[in-house]
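Please look over the structure below before reading on. The report that follows takes up pairs of helices, then single residues and their surroundings, and then the protein as a whole.

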Amino acid sequence: MTAQASGSGTITTARPARRADAGSVRLSQRDIDGLLLCGEHFGAPLDLLALALRVHQDRLPAIVARWRRAGYADTGRLGPGPGWCWLTRAGMTETGLGFPAGRPALGRLAHIRAVLAARLWLAGSPAWSQGQPWWHSERRLRAEHPAAGRKEHVPDAEIHWPSIAGSPYAGQVWAIEVELTPKPIARTTRIMTGLLSPLRYAQVIYLTAPAARPVVTRAAGGLPPGDQPRVVVRELPAAAFAPEPTP
């Protein structure tokens with residue numbers, strides 16, 4: 001309460017009530033989407049995070065700063081190229097993901113970036129808008145199938161197409177494989193064959209860097225004729241590779 005004196009006496013005025021959420025960070029749906037994306041992909045480079053949230057890169061520092069103030073995320077430079085954002089333990093709890101929290105491993109940065117770039121590229125296609133599929137991340141797949149009892153290869157992601165009218169791939173599940181470096185052809189063929197086993201995936205989509213493409217193409221060409229149409233080999237989008245630092 002405050003008091004002011006006047007010629008006729010004392011006038012008492014009420015101090016504005018303090019909001020219950022004063023000092024807390026209020027999250028928008030865009031914030032929630034961004035936090036979930038970072039949690040599902042082990043972390044996200046800031047340029048791709050801006051692309052996913054459909055904001056200019058100049059606006060992103062303020063957005064992730066709010067996440068840091070809330071205790072949900074950390075940011076930093078982990079290697080060449082843009083900085084990264086990843087979830088803290090509190091962020092994992094609040095999003096309900098429950099994965100282990102921490103910085104992305106340095107040896108996996110290139111792969112994590114490429115998988116996220118592949119997701120954004122696929123999500124920008126007309127078929128995605130028409131079919132409304134959802135992305136099932138590697139982290140979710142590994143959580144559902146712990147290593148102790150797992151025998152099958154875990155793809156980098158799955159795409160699930162709902163059974164809706166007008167969907168070009170209604171009811172299908174696809175496996176996504178991102179290849180940056182060539183593997184031995186025997187191993188590549190073994191992985192392909194496992195992913196193509198009956199009733200597992202309708203299609204297997206390989207998105208490759210130039211160095212890995214010849215081995216993947218050879219392995220696909222050596223499959224039985226009935227399986228070859230179920231493997232699609234495409235180049236990774238340019239965004240899969242970290243931009244060169246400005247001199």
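In this predicted model, helices α1 and α2 have axes that come within 10 Å and cross at roughly 135 degrees, and the two helices are therefore oblique to each other. An angle over 145 degrees would have counted as roughly antiparallel. The crossing of α1 and α2 is right-handed. On the side of α1 the contact is made by R30, G34, L37 and C38, and on the side of α2 by L49, A52 and L53. Sorted by class, the residues of this contact are five nonpolar, one polar and one charged.

A second pair of helices can be described in the same terms. Helix α8, residues 185-195, and helix α9, residues 213-221, have axes that come within 9 Å and cross at roughly 55 degrees, which makes α8 oblique to α9. The crossing of α8 and α9 is likewise right-handed. Here I185, T188, T189 and M192 in α8 meet V215, V216, R218, A219 and A220 in α9, and the residues of this contact divide into six nonpolar, two polar and one charged.

The table sets out the axis values for both pairs.

| Helix pair | Axes come within | Crossing angle |
|---|---|---|
| α1 and α2 | 10 Å | roughly 135 degrees |
| α8 and α9 | 9 Å | roughly 55 degrees |

Which residues of helix α3 are buried? In this helix, which covers residues 60-70, the buried residues are L60, I63, V64, A65 and W67. An α-helix has 3.6 residues a turn, so residues three or four places apart point the same way. The elements that cover the buried residues of α3 include the helices α1 (29-40) and α2 (46-53), as well as the strands β4 (73-76) and β5 (84-87). After α3 comes G71, whose phi is positive, near 85 degrees.

Helix α2, which has already appeared in the contact with α1 and in the cover of α3, also holds D47. Is D47 buried or exposed? Its relative accessibility is 13%, and because buried means under 20%, D47 counts as buried. Leaving aside neighbours within four places in sequence, D47 is in contact with Q57, P82, R113 and P243.

Another residue to follow is V231, which lies in strand β10, residues 231-235. With a relative accessibility of 11%, V231 counts as buried. Not counting residues up to four places away in sequence, V231 touches M192, L196, V204, Y206, A220 and L223. Of these, M192 and A220 also take part in the contact between α8 and α9, so that V231 in its strand touches a residue from each of those two helices. V231 and I205 are 26 residues apart in sequence, while their C-alpha atoms lie 6.0 Å apart in space.

Turning to the protein as a whole, there are nine helices and ten strands. The protein has 247 residues, and buried residues make up 40% of them. Among contacts between residues at least 6 apart in sequence, 61% join residues at least 24 apart. The accessible surface of the protein comes to about 13,900 Å², and 55% of that surface belongs to carbon and sulfur atoms.

Definitions and conventions. Residues are numbered from 1 along each chain as its sequence is written. This is a predicted model: local features need pLDDT of at least 70, side-chain atom pairs count only at pLDDT 80 or more; totals for chains, interfaces and linings use all residues. Side-chain values use heavy atoms; hydrogens and water are left out. Helices (H or I, at least four residues) and strands (E, at least two) are DSSP runs, numbered from the N terminus. Buried means under 20% relative accessible area, exposed over 50%, partly exposed in between (1.4 Å probe, protein chains only). Contact means heavy atoms within 4.5 Å. Accessible areas come from the Shrake-Rupley method with a 1.4 Å probe; for residues, only the protein chains shown count as cover. Axes are lines fitted to C-alpha atoms, for helices over the stretch in contact, and angles run from 0 to 180 degrees between N-to-C directions. Angles under 35 degrees count as roughly parallel, over 145 as roughly antiparallel, 65 to 115 as roughly perpendicular and the rest as oblique. A crossing is left-handed if the near helix is turned anticlockwise from the far one by less than a right angle, and right-handed if clockwise. Ala, Val, Leu, Ile, Met, Phe, Trp, Tyr, Cys and Pro count as nonpolar, Asp, Glu, Lys and Arg as charged, and the others, Gly among them, as polar.
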